[in-house]
Amino acid sequence: MVGVEILRADIVEIELSIIMPCLNEAETLARCIGKAQAFLTRCSVAREIVIGDNGSTDGSQEIARNLGARVVDVALRGYGAAILGAVQAAHGRYCVIGDSDDSYDFSALEPFVAALRDGADLVVGNRFQGGIRPGAMPWKNRYIGNPVLSGLGRFLFKTRVKDFHCGLRGFSRSAFECMELCTTGMEFASEMVVKAAVLGLRIEEAPTALDKDGRSRLPHLRPCVTVGDI
C-alpha cells in the first residue's frame, strides 16, 4: 500500500468515487472532471471525484480543487502508485478509474455503474467493442500487441477479458481490498485483472470508446519501453 491514511468516521455514505491518476495534465484535466461531473449530476448518485496527483508542477492540483475535486498527493511515482493512493483515500462503495488525458469519456459511465450495482466485482472497459477513434491507438498495439497479450492472459488465467490493458475500469471496494494490489507502474492494469481472475471474482466488460488523447505533448510512457502503454 502507498501509505495514505483513510479517515472514515462521520463520512456521508458515497456510492461512487471517480478516480483519475494525474501527472502534469493541466491541458486535459478540466475536461475530464467536467465530463465526470456531468455524468454524476445526470445520474444523481452520491459521489466524489478524486485526483491521485503524482507530483504535478503545472498547476493540475489547483485546477482540480477549483472544480470541486479532491486531490490526494501521492509521493511514490508511477501509474499504479497514483491510483492506489487515490483509491485508499476514496470513500466510495464503488470506484471507477480512468486516465486524465481525455482519451476516455467520463460522461458515459452508465454500463460500469450498472454492472457494479448488479454484483460485478470488476468491470473492464473494452475499446474494441466501444470503438477506437483514428489516431487513438498505434496500429501495432491495436492489431498485434493488445490482442496477443490479452489472448495470452485469457489462456493463462482462464478469464474472458478481451482488453487487458484498457485504462477505464470499475470495481467494488470489497473486491479492491481482496485483490491486495501492489504494483506501482503500468503493470498495475494487468495485475488487477490477473488477481481478480485467480481469486474467482466476477469480472464483466463494458464497451468503451477510446479517443486520441487531448495533450499537445508526448505521453509519459512509450510503447517501446513498456507493454502497459498498449
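# Exercises on a seven-stranded sheet and its surroundings

Seven strands build an open sheet of mixed pairing, arranged in the order 3-2-1-4-6-5-7. Strand 3 (70-73) and strand 7 each have a single partner strand, so one side of each has no neighbour in the sheet. From one strand to the next, the twist averages 25 degrees. Please keep in mind that this is a predicted model. Let's work through some exercises together.

## Exercise 1: The protein as a whole

Work out how many helices and strands the protein has, and what share of its residues is buried.

**Solution.**
- Step 1. Go through the secondary structure: you should find eight helices and seven strands.
- Step 2. Turn to burial: of the 230 residues in the protein, 51% are buried.
- Step 3. Look at the surface too. The accessible surface is about 10,400 Å², and carbon and sulfur atoms account for 56% of it.
- Step 4. Finally, consider contacts between residues at least 6 apart in sequence: 74% of these join residues at least 24 apart.

## Exercise 2: Strand 5 and its partners

Find out which strands are joined to strand 5 by bridges, and in which direction each pair runs.

**Solution.**
- Step 1. Begin with strand 6. Three bridges join strand 5 to strand 6, and this pair is antiparallel. For an example, take Val-124, whose bridge partner in strand 6 is Arg-169.
- Step 2. Now take strand 7. Here five bridges make the link to strand 5, and the two strands run parallel. An example is Gly-125, with Ala-206 as its bridge partner in strand 7.
- Step 3. Check how covered strand 5 is: five of its five residues are buried.
- Step 4. Sort these residues by direction. Leu-122, Val-124 and Asn-126 point one way, while Val-123 and Gly-125 point the other way.

## Exercise 3: The buried side of helix 4

List the buried residues of helix 4 (residues 110-117), and explain why they are on the same side of the helix.

**Solution.**
- Step 1. Pick out the buried residues of helix 4: Phe-112, Val-113, Ala-115 and Leu-116.
- Step 2. Consider their arc around the axis. They cover only 165 degrees, which means that they sit on the same side of helix 4.
- Step 3. See what these buried residues pack against. The list has one helix, helix 1 (29-43), and the strands 1 (14-22), 4 (92-97), 5 (122-126), 6 (169-172) and 7 (203-207).
- Step 4. Move just past the end of helix 4, where Gly-119 has a positive phi of about 110 degrees.

## Exercise 4: Asn-54 in its loop

Decide whether Asn-54 is buried or exposed, and find what its side chain has for polar company.

**Solution.**
- Step 1. Locate the residue: Asn-54 belongs to the loop between strand 2 (47-53) and helix 2 (60-66).
- Step 2. Apply the cut-off: a residue counts as buried under 20% relative accessible area. Asn-54 has 5%, so it is buried.
- Step 3. Look for polar atoms. A polar atom of the Asn-54 side chain is 2.9 Å from the backbone oxygen of Leu-76.
- Step 4. Add the contacts, leaving aside neighbours within four places in sequence. Among them are Cys-22, Val-74, Leu-76 and Gly-78.
- Step 5. Follow Gly-78, which is in the loop between strand 3 and helix 3 (79-89). Not counting residues up to four places away in sequence, Gly-78 touches Asn-54 and Thr-184. Its C-alpha atom is 9.9 Å from that of Cys-22, although the two residues are 56 apart along the chain.

## Exercise 5: Two positive phi values

For Asn-24 and Ser-44, give the phi value and the loop, then classify each as buried, partly exposed or exposed.

**Solution.**
- Step 1. Take Asn-24 first. Its phi is positive, about 55 degrees, although Asn-24 is not a glycine. The residue is in the loop between strand 1 and helix 1.
- Step 2. Classify Asn-24: its relative accessible area is 22%, so it is partly exposed.
- Step 3. Next comes Ser-44, with a positive phi near 50 degrees. Ser-44 is in the loop between helix 1 and strand 2.
- Step 4. Classify Ser-44: exposed means over 50%. With a relative accessible area of 61%, Ser-44 is therefore exposed.

Terms used: Residues are numbered from 1 along each chain as its sequence is written. This is a predicted model: local features need pLDDT of at least 70, side-chain atom pairs count only at pLDDT 80 or more; totals for chains, interfaces and linings use all residues. Side-chain values use heavy atoms; hydrogens and water are left out. Buried means under 20% relative accessible area, exposed over 50%, partly exposed in between (1.4 Å probe, protein chains only). Helices (H or I, at least four residues) and strands (E, at least two) are DSSP runs, numbered from the N terminus. The arc is that of the directions from the helix axis to the C-beta atoms. Contact means heavy atoms within 4.5 Å. Accessible areas come from the Shrake-Rupley method with a 1.4 Å probe; for residues, only the protein chains shown count as cover. Two strands pair if DSSP finds at least two bridges between them. Axes are lines fitted to C-alpha atoms, for helices over the stretch in contact, and angles run from 0 to 180 degrees between N-to-C directions. A polar contact is a pair of N or O atoms within 3.5 Å; within protein, one must be able to donate a hydrogen and the other to accept it, and residues adjacent in sequence count only if both atoms are side-chain atoms.
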